[in-house]
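Visitor: Hi, could you walk me through the charged pairs and any enclosed space in this one?
Guide: Happy to, let's bring it up.
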Amino acid sequence: MKENLNPFAIAQAQFDEAAEVLQLDHDMRAFLREPMREFHFTIPVRMDDGTTRTFQGFRVQYNDARGPAKGGIRFHPDETIDTVRALAAWMTWKTAVSDIPLGGGKGGVICNPREMSQEELERLSRGYMRNIARYVGLTQDVPAPDVNTNPRIMAWMLDEYETINGKREPGVITGKPLELGGSAGRTPATAMGGLFTIREAAKLKGMNLNGATAAIQGFGNVGSFTHSLGQKQFGLKIVAISDEFGGIYNANGIDFDVAAAHQRQTGKLMNCPGTENITNQELLELEVDILIPAAIENQLTSQNAGNVKAKIVAELANGPTTPEADNILNDKGIYIIPDFLCNAGGVIVSYFEMVQNGYQYYWDEAMVHERLDKKITTAFHAVNQMSEAKQVDTRVAAYLVAVNRVAEAVRLRGWV
Ligand code: NAD
């Protein structure tokens, strides 16, 4: 049978498995497996040539029982409502497993930002905010950057929101430029958080991180910071990295600065001096201690999971492993750090950004990373202990911790 790769079907299948182990009653299951609220809207944008194009936008507030919804906004030509729903569900479990007082949301626009000018992008960003302004806010829903959106776009959206509401309210959006109330340490936060969880998993496996080999798929925000910080601060030997065009390999380790400079110059990693080219498929199947998918979803499937040789799979990307692949990796005894735990560093520091905006007093990067370490390490061990206590794999354990917390908030509110 062909694998179902619809991300929301996968998110629901994962939830159903956890609900079964938790013996959640029927009514709670029915409530938690669907988003609470969705907004679908059109955004007319005046293009530079004078024509008007209509874009389709979404915002999903999956669950806000534990606090205001929280989640990024993606600009992508292949965006679908089911992708946004799945990511909003994962944000709900991510904020819960991290034990920060927020719910889960996500937004998206079907568009190709690579084909748009900065002026067109600004009009689209402001138009998006005009559509959702009355439904977002510090106490309702707090957006952030995600695929193809960045601090510049957040600044336009923040300005539109504050103009509509006639007051300054920086905490309504996170991932802002530092000058407008962004947090130190936000940009590398996802990678840093993932590396803290890798450090803890390595301890459990009796693996010395200094000199341990790793392969990273994806060289964007998350992948490139994982390479640079992993090499410089954790002593990892990164033997393979890749982008959408293909990967590069060197058994003695790839120097981050050389690879980054080559990518800046040529737009690709391939043909980097001192390395040999490999495919993304070959990268996933390399003989390494740690495999780090940090690109896109559905990369480890029933087709290739049997060939994975790593001892730890650290899912910095969202949804990189299909449920079938998950079973195969677990049967092989590979330790999986599941996505919504491994990549929670971004939202944890977004929460710190909201806190700092609240009292307009800002921490330095060392303080941000120290507090991130404490939060994500606590979450890692809560999941690992659940996995041992219930004899379930780490992904199910992460769901058990998260779903328990959300269900308890729903019960206490008397919703179900
Ligand atoms: P990005 O757009 O900056 O980088 C994505 C990278 O993946 C690029 O190097 C691109 O070339 C590569 N890529 C794209 N398609 C590929 C393919 N088919 N095969 C191999 N590589 C491919 O994105 P990012 O912010 O680094 O996010 C990467 C992943 O991490 C996504 O799954 C995202 O949802 C997740 N994530 C990001 C954050 C964050 O703070 N940025 C937080 C949590 C989760």
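Guide: We'll go through the salt bridges and then turn to the cavity, keeping in mind that this is a predicted model.

Visitor: Sounds good. How many salt bridges are in the whole structure?
Guide: The search comes back with 25 salt bridges.

Visitor: Which residue does Asp-64 pair with?
Guide: Asp-64 meets Arg-37, side chain to side chain, with N to O at 3.4 Å. Asp-64 sits in the loop between strand 2 (52–63) and strand 3 (69–76), while Arg-37 belongs to strand 1 (residues 37–46), so the bridge ties together parts 27 residues apart in sequence.

Visitor: And Asp-64, buried or exposed?
Guide: Asp-64 counts as buried because its relative accessibility is 17%, and the cut-off for buried is under 20%. Its partner Arg-37 is partly exposed at 32%.

Visitor: Okay, over to the helices. What does Arg-130 bind to in a salt bridge?
Guide: Its partner is Glu-160, at 3.2 Å from N to O. This pair links distant parts of the chain, with Arg-130 in helix 4 (residues 118–132) and Glu-160 in helix 5 (residues 151–165), 30 residues apart.

Visitor: How accessible are those two?
Guide: Arg-130 is partly exposed, with 44% relative accessibility, whereas Glu-160 is buried at 11%.

Visitor: What about Lys-232, which residue is its salt-bridge partner?
Guide: That would be Asp-257, and the closest N and O atoms are 3.3 Å apart. Asp-257 lies in helix 8 (residues 256–266) and Lys-232 in helix 7 (residues 221–234), so this bridge ties together parts 25 residues apart in sequence. At 52% relative accessible area Lys-232 is exposed, and Asp-257 is partly exposed at 43%.

Visitor: Which residues do shared partners join into one network?
Guide: Salt bridges with partners in common connect Glu-122, Arg-126, Arg-130, Asp-159 and Glu-160. You've already met Arg-130 and Glu-160 as a bridged pair.

Visitor: Nice. New topic: how many cavities of 30 Å³ or more are there?
Guide: There is 1 cavity of 30 Å³ or more, and the largest cavity holds about 40 Å³ of space.

Visitor: Which residues line the largest cavity?
Guide: The lining is made up of Leu-5, Pro-7, Ile-10, Trp-90, Glu-297, Asn-298 and Gly-319.

Visitor: And how does that lining split by class?
Guide: It has 4 nonpolar, 2 polar and 1 charged residues. Glu-297 is in the charged class, and Gly-319 counts as polar because Gly is placed in that group.

Terms used: Residues numbered from 1 in each chain as written. Predicted model: local features only at pLDDT ≥ 70, side-chain atom pairs only at ≥ 80, totals over all residues. Heavy atoms only, no water. Salt bridge = Lys/Arg side-chain N within 4 Å of Asp/Glu carboxyl O. Helix = DSSP H or I, 4+ residues; strand = E, 2+ residues; numbered from the N terminus. Buried < 20%, exposed > 50% of the residue type's maximum accessible area, 1.4 Å probe, protein only. 1 Å grid on protein atoms, 1.4 Å probe; cavity = no way out; pocket = protein on both sides within 12 Å on 5 of 7 lines; lining within 4 Å. Points joined across faces, edges and corners; volume = space filled by probe spheres on them.
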